[in-house]
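Got your viewer open? Keep the selection box handy and follow along, one stop at a time.

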Amino acid sequence: MLKRTFIHLPGVGERTEAHFWRQGLHTWEDFLNAREVSGLGRQRLVFLRNCLKESLAQEDNPAYFGPLLPVAERWRLFPRFRERAAYLDIETTGYTWPGLQVTVVGLYDGRTMLQFVHGENLEEFPQALENLDLLVTFNGSQFDLPVLRAYFPDLELPPVHLDLRFILASLGFKGGLKRIEPRFGIRRPPEVEGMDGYEAVLLWDRHCRGDYSALPTLLNYNREDVINLETLMDQAFSLAENRLLGG
């Protein structure tokens, strides 16, 4: 999908991109090999060719493409940088911030699930983000990431962030994570099925008061929040790609 993308070029929007596709210019290489492009003068054609040569040179650099793509279209980067992507969700002591305590951070790269717990290993979390290209969350742009930045002032996030809440909403799937998951065939284990963020706050409180069963339940809940993001991201990408390309 990345090499089919032209909207990162200066002055190229979705209509112009679709115009290129209709001419058979489906990839950057197609464009570079074209002797002429309908609707483009010679000077403009040379300029865009130079931009695409730079795109090819930067193909492995997510930090290059992230700022150039509209936020709503950054989902296109997912397959190209998936091997260095991770899915994230946090648990806290409430919903309003600043002043929230981060209790658990869950991070899953599609292979390994890591969980960082306040009072145990939470301070190790920033190191886990090193060498990541892309981060996937649900509503992370409005909650998880601002809270983490407040808690870790020097936190360095991966160059690209995809917020599934807004990607899915653009596809017609609105509401919270627990409401959306069943529409994609996701069912949670019985021990955490039906739990929500408020209950996660209560579980942490119970843990702090000495309930030894509370933390394992909270970690199971957080794990489901995180690993289910991969399934949702997979399906959201396929739906968005099919919609864009008319599949």
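In which loop does Ile186 lie? Select Ile186 and you'll land between α9 (177–180) and α10 (197–208). Bear in mind as you look around that this is a predicted model. Ile186 counts as buried because its relative accessibility is 9%, with under 20% as the cut-off. Now show what touches Ile186: apart from neighbours within four places in sequence, the contacts are Glu181, Asn228, Thr231 and Leu232. For a sense of scale, draw a C-alpha to C-alpha distance from Ile186 to Glu14: it spans 33 Å, and the two are 172 residues apart in sequence.

**Zoom out**

Show the whole protein chain next. You should be able to pick out 11 helices and five strands. Along the principal axes, the C-alpha atoms fill a box of roughly 75 × 40 × 30 Å. Of the 247 residues in the chain, 46% are buried. If you count contacts with a separation of 6 or more, 61% of them are between residues 24 or more positions apart. Switch on the surface and you're looking at about 12,500 Å² of accessible area, 48% of it belonging to carbon and sulfur atoms. Colour by charge if you like: there are 27 positive and 34 negative charges, and their mean positions sit 11 Å apart.

**Into the cores**

Select Phe6, Phe20, Phe31, Leu164 and Met233. These residues have the most contacts inside the largest nonpolar core, which has 49 residues. Add helix α11 (residues 214–245), which gives the most to this core, with eight residues. Then centre on Phe20: beyond residues up to four places away in sequence, Phe20 touches Phe6, Val12, Leu25, Phe31, Val37, Leu40 and Leu48. There's also a second, separate core of 19 residues, and Val105, Leu107, Phe116 and Leu129 are among them.

**A polar stop on α11**

Go back to helix α11 and pick Asn222. Buried or exposed? Asn222 is buried, since its relative accessible area is 0%. What does the side chain of Asn222 reach at 3.3 Å? That's the backbone oxygen of Asp89. Turn the view a little for a polar contact of 3.1 Å between the side chains of Asn222 and Glu91. Setting aside neighbours within four places in sequence, the residues in contact with Asn222 include Val104, Val105, Gly106, Met113 and Gln115.

**Helix α7 and its cover**

Select residues 144–151 to bring up helix α7. Its buried residues are Asp144, Leu145, Pro146, Val147 and Leu148. What covers them? Show β1 (85–92), β2 (102–108), α6 (125–128), β4 (134–137) and β5 (160–163), all part of that cover.

**Last stop: Arg76**

Now jump to Arg76, in the loop between α4 (62–68) and α5 (78–81). Arg76 is another buried residue, because its relative accessible area is 0%. Show side chains and look for the polar contact between Arg76 and Glu17, at 2.7 Å. Leaving out neighbours within four places in sequence, Arg76 is also in contact with Met1, Leu2, Thr5, Ile7, Trp21, Phe237 and Leu244. To finish, draw a line from Arg76 to Leu129: the C-alpha atoms are 21 Å apart, with their positions 53 residues apart in sequence as the separation.

Notes: Residues are numbered from 1 along each chain as its sequence is written. This is a predicted model: local features need pLDDT of at least 70, side-chain atom pairs count only at pLDDT 80 or more; totals for chains, interfaces and linings use all residues. Side-chain values use heavy atoms; hydrogens and water are left out. A nonpolar core is a set of buried Ala, Val, Leu, Ile, Met, Phe, Trp, Tyr and Cys residues joined through side-chain atoms within 4.5 Å. Buried means under 20% relative accessible area, exposed over 50%, partly exposed in between (1.4 Å probe, protein chains only). Helices (H or I, at least four residues) and strands (E, at least two) are DSSP runs, numbered from the N terminus. Contact means heavy atoms within 4.5 Å. Accessible areas come from the Shrake-Rupley method with a 1.4 Å probe; for residues, only the protein chains shown count as cover. Lys and Arg count as positive and Asp and Glu as negative; His and the chain ends are not counted. The place of a charge is taken as NZ of Lys, CZ of Arg, CG of Asp or CD of Glu. A polar contact is a pair of N or O atoms within 3.5 Å; within protein, one must be able to donate a hydrogen and the other to accept it, and residues adjacent in sequence count only if both atoms are side-chain atoms.
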